[in-house]
Amino acid sequence: MVETVESLISVDQCRRCGACIVACPVKAVSLEEYHAKVKGCTACSSRSKGLCVEACPVIADYDKLEMRVFGRLRERSEGFGVYRQVFKAISLHPKLRQEAYSGGTTSALTYAALSSGFVDAAIICSWGDGEPWRPGPRIIRDPKDVVFGLGSKYFPSPNLRALGELGTAKRVLFVGLPCHVTALRKMQYSDNRALRKLTKKIRVVIGTFCGIPAMLTAESFAKHITERGVPLDKITRVTTACTSLLQGIRTYRVQTTAGHIDFPILFLLRDLEKERLRCDENCFDYSSDLADISVGGTIPPELPPRYVSNALFVRTQVGEELVNLACNSRLLHVRKMGSLFLRGLRLFPPYWRKRSRYRRYREEKDSRQRLKTLIG
Ligand SMILES: Cc1cc2nc3c(=O)[nH]c(=O)nc-3n(C[C@H](O)[C@H](O)[C@H](O)COP(=O)(O)OP(=O)(O)OC[C@H]3O[C@@H](n4cnc5c(N)ncnc54)[C@H](O)[C@@H]3O)c2cc1C
């Protein structure tokens with residue numbers, strides 16, 4: 001166990017990216033205080049000192065985790081990590097499909113798992129009650145509540161905090177971004193008993209794709225839009241929209257009782273340069289490569305619904321069981337993804353940005369290994 005968070009925060013390892021906000025497994029990091037404090041966490045109680053650092057996805061030994069989850073490291077050609085099968089998938093539940101980010105596959109899998117007893121609770125990310133601009137974790141037990149998770153919330157959500165609040169649940173499904181998934185795996189295989197205990201109930205992990213170049217905390221965003229005359233209490237929904245076919249020109253679309261206002265993400269990130277979380281600069285995981293199941297979009301979700309589907313990577317046995325269950329319950333439709341289509345997925349700029357970062361990580365690791373062998 002580490003001595004203090006402060007001592008670790010000051011060491012070179014800490015990239016000051018704010019990933020601890022999403023990874024922190026206890027109520028130790030306060031999103032509100034993030035910028036007021038040392039650009040990161042110092043808000044730990046003495047009991048839980050250092051847990052967020054131990055769970056930090058950025059300083060994870062990724063290879064070690066990959067070995068633990070899959071029993072092998074990925075080959076160089078495995079750009080989407082280790083997986084057993086890859087499909088194009090779509091939810092057969094009309095409501096889920098309509099309001100989902102793209103095909104509604106994540107929500108359909110969660111629905112199937114809860115309704116069949118595969119799990120008795122799920123941790124998803126939903127907008128806060130009465131605060132439809134602040135995402136956070138929500139523990140759901142009723143399959144109907146998957147609607148709370150529908151759609152992507154482009155803000156960091158401290159999903160792992162819900163791990164300590166599972167009560168009587170015995171088997172739990174977890175949905176998160178690549179950083180959540182890495183942090184969760186790190187906790188599952190940690191030497192720290194407290195962290196392992198928090199993850200004991202997790203049965204299956206669904207990770208979504210994430211290629212956002214940087215993120216704002218919901219608080220920074222709220223402050224910014226309030227300054228531009230949008231009252232927080234008039235917000236009914238925050239979604240994202242694409243105002244150009246270029247994925248980069250995406251906007252936060254703030255729906256209010258009086259209509260909607262668009263805030264282009266790139267301009268916001270530029271204007272709030274100092275406040276943004278540089279999560280992407282430190283992350284090479286585009287497709288939640290340590291999850292049991294990974295789900296991403298195949299095309300911008302603004303295209304006509306008939307083209308929209310999800311890319312579904314099934315990585316482990318438990319992942320396979322859940323996908324079969326969802327298909328047999330007629331909640332999900334899957335079709336094998338052809339190699340040409342899979343190659344097409346690699347054309348997305350967020351994919352190759354993270355891919356080249358992974359290559360650098362690999363090269364550094366390999367050269368350190370070679371050096372060690374030489375010296376040894
Ligand atoms: C920050 C961010 C960046 C993304 N970048 C990409 C990208 O580069 N390429 C791409 O293809 N897709 C991206 N996505 C979208 C993501 O891939 C979709 O969530 C995924 O395709 C699932 O689609 P779906 O229709 O199955 O989702 P739905 O059925 O609508 O379910 C969405 C699920 O995502 C979870 N979720 C939503 N927001 C968050 C959040 N902030 N933190 C944790 N969990 C959350 C919800 O709990 C829910 O279970 C991004 C999403 C986010 C939040």
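Thr-208 stands opposite Val-295 of strand E9, and that pairing is a handy way into this predicted model. Strand E5 (202-208) and E9 run parallel and are joined by three bridges. From E9 we can walk to the ligand, since E9 (293-297) is one of the elements that give two or more residues to the shell around the ligand.

**Strand E9 and its partners**

- E9 is largely enclosed by the rest of the structure, because five of its five residues are buried.
- Ile-293, Val-295 and Gly-297 point one way from the strand, while Ser-294 and Gly-296 point the other way. Residues on both sides are buried.
- In a regular strand, side chains alternate between the two faces of the sheet.
- Besides its parallel pairing with E5, E9 pairs with strand E10 (residues 310-314) in the antiparallel sense, over five bridges.
- Within that second pairing, Gly-296 has Ala-311 of E10 as its bridge partner.

**The ligand and its shell**

- There are 33 residues around the ligand, and those that come nearest are Thr-106, Ser-107, Cys-125, Gly-151 and Lys-153.
- By type, the shell divides into 15 nonpolar residues, 17 polar ones and one charged.
- The side chain of Thr-106 has an N or O atom 2.7 Å from an oxygen atom of the ligand.
- Two backbones also come into play: a nitrogen atom of the ligand lies 3.0 Å from a backbone N or O atom of Phe-155, and a ligand nitrogen is 3.4 Å from a polar backbone atom of Phe-209.
- On its own the ligand has 900 Å² of accessible area, and the protein covers 97% of that.
- Helix H6 (105-116), strand E2 (121-128) and strand E9 (293-297) are the elements that give two or more residues to this shell.

**Helix H7 and Thr-199**

- Helix H7 covers residues 178-188, and 11 of its 11 residues are buried.
- Some of those names may catch a biochemist's eye: the buried residues of H7 include His-180, Arg-185 and Lys-186, along with Cys-179, Val-181 and Leu-184.
- Thr-199 sits in the loop between helix H8 (193-198) and strand E5 (202-208).
- Although it is in a loop, Thr-199 has a relative accessible area of 4%, so it counts as buried, the cut-off being under 20%.
- Setting aside neighbours within four places in sequence, Thr-199 is in contact with Leu-163, Leu-184, Met-187 and Gln-188. Leu-184, Met-187 and Gln-188 are also among the buried residues of H7.

**Two loop residues with positive phi**

- Ser-288 has a phi near 45°, a positive value in a residue other than glycine.
- The loop that holds Ser-288 runs between helix H10 (265-271) and E9, which brings us back to the strand we began with.
- With a relative accessible area of 0%, Ser-288 is buried.
- Arg-330 also has a positive phi, near 60°, and is likewise a residue other than glycine.
- You will find Arg-330 in the loop between helix H11 (317-328) and strand E11 (332-336).
- Whereas Ser-288 is buried, Arg-330 counts as exposed because its relative accessibility is 67%, and exposed means over 50%.

Note on methods. Residues are numbered from 1 along each chain as its sequence is written. This is a predicted model: local features need pLDDT of at least 70, side-chain atom pairs count only at pLDDT 80 or more; totals for chains, interfaces and linings use all residues. Side-chain values use heavy atoms; hydrogens and water are left out. A residue is near a molecule or strand if one of its heavy atoms lies within 4 Å of it. A polar contact is a pair of N or O atoms within 3.5 Å; within protein, one must be able to donate a hydrogen and the other to accept it, and residues adjacent in sequence count only if both atoms are side-chain atoms. Accessible areas come from the Shrake-Rupley method with a 1.4 Å probe; for residues, only the protein chains shown count as cover. Helices (H or I, at least four residues) and strands (E, at least two) are DSSP runs, numbered from the N terminus. Ala, Val, Leu, Ile, Met, Phe, Trp, Tyr, Cys and Pro count as nonpolar, Asp, Glu, Lys and Arg as charged, and the others, Gly among them, as polar. Buried means under 20% relative accessible area, exposed over 50%, partly exposed in between (1.4 Å probe, protein chains only). Contact means heavy atoms within 4.5 Å. Two strands pair if DSSP finds at least two bridges between them.
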